[in-house]
Amino acid sequence: MDVWQLVLVGLVLLLGLLGVLVPGVPGQAIVWAGVLWWALTDTTRPAWGVLIGATALSLLNQALRPLLPARRARGTGAPRRTVLTGGIAAIVGFFVVPVLGGILGFVGGVYGAERVRLGSHRAGLAATRTVMRTAGYSLLVELFACLLVVGAWLGVVVAG
C-alpha cells in the first residue's frame, strides 16, 4: 500500500471519528469500512488482525448500545458544540495520553465548554453531569471503541 492510499485511509478513519460526534452519521461503520479497505489492500496478518478486532469491537459496541442511555443531546440544555468540544478533546487526548486520555479528554472537554458557557465551576460541573447522564456515556462508549480501532490501525501502520 503506497503512502497516498494510507493517507486516504487515515482521512476516512478521521471522518468516521468525527462522524461519531454528529447525530445521524454512522461513524462507527465508516471507521470499520476504512479498516476493511486497508486490510483488503494490505493483506498481512497484522492488517487482518486489526480488521478482526475492529469487527469484534463494533459488534460488542452494538450489543452494549441497548444497555446504555439513549443519546438525547437536546434534552440536556447544552448546545451541540459542548458535545463536539468533548469529542474533539477525546480524540486529541487519546493520542496524547494513550487510551485513558480519550475518557479524560471527553469529560474535560465537556466540563470546559460548560464552564465557559455558564461561568462558574458549580454550574459547569452540574451541566457536565447532566450531559454525561443523558448523552455522554453512549457517545463516549462508541467514540472510545472507534478510537481503539484507529489506535490499533495507527500502531500497525507505524510498526511497518
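## A cavity, some rings and a few helices

Helix 2 (27-41), helix 3 (45-64) and helix 6 (121-159) each give at least two residues to the lining of the largest cavity. Keep in mind as you look around that this is a predicted model.

Let's stay with that cavity for a moment. Searching the whole structure turns up one cavity of 30 Å³ or more, and the space inside the largest cavity comes to about 40 Å³. Which residues line the largest cavity? They are Q28, V31, A54, L57, S58, A145, C146 and V149. Sorted by character, the lining has six nonpolar residues, two polar ones and no charged ones.

Now for the aromatic rings. The whole structure holds three aromatic pairs. In one of them, the ring centres of W38 and W153 are 6.4 Å apart and the ring planes meet at 85°, so this pair is edge-to-face. What makes it fun to trace is that the pair links distant parts of the chain: W38 sits in helix 2 and W153 in helix 6, 115 residues apart. Both W38 and W153 are buried.

Another pair is made by F94 and F95: with ring centres 5.2 Å apart and planes at 85°, it is edge-to-face because planes over 60 degrees apart count that way. Is F94 buried or exposed? F94 has a relative accessibility of 6%, so it counts as buried. F95, on the other hand, is at 37% relative accessibility and therefore counts as partly exposed. Together with F144, these two residues, F94 and F95, form one aromatic cluster.

The loop between helix 4 and helix 5 contains V99. If you set aside neighbours within four places in sequence, V99 is in contact with F94 and F144, and those belong to the cluster of F94, F95 and F144. V99 counts as partly exposed because its relative accessibility is 38%. From V99 to V116 is 17 residues along the chain, and their C-alpha atoms are separated by 26 Å.

Next, two helices with a length check. In the table, the expected span rests on 1.5 Å a residue, and the other distance runs between the end C-alpha atoms.

| Helix | Residues | Number of residues | Expected span | End C-alpha distance |
|---|---|---|---|---|
| Helix 1 | 3-21 | 19 residues | 27 Å | 28 Å |
| Helix 5 | 100-118 | 19 residues | 27 Å | 27 Å |

For helix 1 the distance agrees with the expected span, and for helix 5 it agrees as well.

Which residues of helix 1 are buried? The list is V9, L13, G16, L17, G19, V20 and L21. What covers these buried residues includes helix 2, helix 4 and helix 6.

Helix 5 has its own buried set: G101, G102, G105, F106, G109, V110, A113 and E114. These buried residues pack against helix 4 (80-96) and helix 6. Just after helix 5 comes G119, which has a positive phi, near 90°.

One last stop is T128, which is found in helix 6. T128 has a relative accessible area of 6%, so it is buried. Not counting residues up to four places away in sequence, T128 touches V107, V110, Y111 and E114. Two of those, V110 and E114, are among the buried residues of helix 5.

Technical notes
Residues are numbered from 1 along each chain as its sequence is written. This is a predicted model: local features need pLDDT of at least 70, side-chain atom pairs count only at pLDDT 80 or more; totals for chains, interfaces and linings use all residues. Side-chain values use heavy atoms; hydrogens and water are left out. On a 1 Å grid over the protein atoms alone, a cavity is a set of points where a 1.4 Å probe fits but cannot get out, and a pocket is an open set with protein on both sides within 12 Å along at least five of seven lines; lining residues have an atom within 4 Å of a point. Grid points are joined across faces, edges and corners, and a volume is the space filled by probe spheres set on the points. Helices (H or I, at least four residues) and strands (E, at least two) are DSSP runs, numbered from the N terminus. Ala, Val, Leu, Ile, Met, Phe, Trp, Tyr, Cys and Pro count as nonpolar, Asp, Glu, Lys and Arg as charged, and the others, Gly among them, as polar. Rings of Phe, Tyr and Trp (its six-membered ring) pair if their centres lie within 6.5 Å; planes under 30 degrees apart count as stacked, over 60 as edge-to-face and the rest as tilted. Buried means under 20% relative accessible area, exposed over 50%, partly exposed in between (1.4 Å probe, protein chains only). Contact means heavy atoms within 4.5 Å. The expected span of a helix is 1.5 Å times one less than its number of residues.
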